[in-house]
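Colleague: Could you take me through the cysteines of this model, and then the aromatic rings? I would like a close look at how they are placed.

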Amino acid sequence: QLQLVESGGGLVQPGGSLRLSCAASGFTLSRYTIGWFRQAPGKAREAVSCISITGPSTTVYYADSVKGRFTISRDNAKNTVYLQMNSLKPGDTAVYYCASPGGVLFGSRWSESSQYGTWGQGTQVTVPS
């Protein structure tokens, strides 16, 4: 079976940094699109970032709200995708999830949560005001 496990969340002051990890089992992570989503209380689920394979190259995507502050990366040896979050703001407070569609997504489809069938359990990120 395909499984994803997030870790690395916690409480950090505004302007601080966290690195979230998404560890995969049951498949080779580098062959698939991996997306990061977040959901705050009372708000809709939001696509944050994505890393995807397109032929021999790697493509990354970022939501406008995190562009320039967050960086997605992968460690193939550890079968893990990371989300480095810098310059954190109170608006970043949410439960963060990683997800896989079980394949590769292209173009604007990366942000569509309905395309992802495998989800992790989530990890809480809190940035107080």
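Modeller: Happy to; here are the cysteines, followed by the aromatic rings.

A word on the basis: this is a predicted model, in which local features need pLDDT of at least 70 and side-chain atom pairs count only at pLDDT 80 or more, while totals for chains, interfaces and linings use all residues. Residues are numbered from 1 along each chain as its sequence is written, and side-chain values use heavy atoms, with hydrogens and water left out.

Let's start with the sulfurs. A disulfide here is a pair of cysteine sulfur atoms within 2.5 Å, and by that rule the count comes to one. The partners are Cys22 and Cys98, with their sulfur atoms 2.1 Å apart. The torsion about their S-S bond is about 75 degrees, so the disulfide is right-handed. Cys22 belongs to strand 3 (residues 18-25) and Cys98 to strand 9 (residues 94-100), so the pair ties together parts that are 76 residues apart in sequence. Strands, by the way, are DSSP runs of E with at least two residues, numbered from the N terminus. Cys22 and Cys98 are both buried, where buried means under 20% relative accessible area, exposed over 50%, and partly exposed in between, with a 1.4 Å probe and protein chains only. Cys50, in contrast, is in no disulfide; the nearest cysteine sulfur, that of Cys22, is 11 Å away. Cys50 is buried too, with a relative accessible area of 1%.

Now for the rings. Rings of Phe, Tyr and Trp (its six-membered ring) pair if their centres lie within 6.5 Å; planes under 30 degrees apart count as stacked, over 60 as edge-to-face and the rest as tilted. Searching the whole structure gives five aromatic pairs. One of them joins Phe37 and Trp119, a tilted pair at 5.0 Å centre to centre with 50 degrees between the planes. This pair links distant parts of the chain, since Phe37 is in strand 4 (residues 34-39) and Trp119 in strand 10 (residues 118-119), 82 residues apart. Phe37 is buried at 1% relative accessible area, whereas Trp119 is partly exposed at 26%. Phe37 and Trp119 also belong to one aromatic cluster with Tyr97 and Tyr116.

Lastly, look at Phe27, in the loop between strand 3 and strand 4. Phe27 is buried, with a relative accessible area of 9%. Leaving aside residues up to four places away in sequence, Phe27 touches Leu2, Gln3, Leu4, Tyr32, Ile34, Asn79 and Ser100; contact means heavy atoms within 4.5 Å.

Note on methods. Helices (H or I, at least four residues) and strands (E, at least two) are DSSP runs, numbered from the N terminus.
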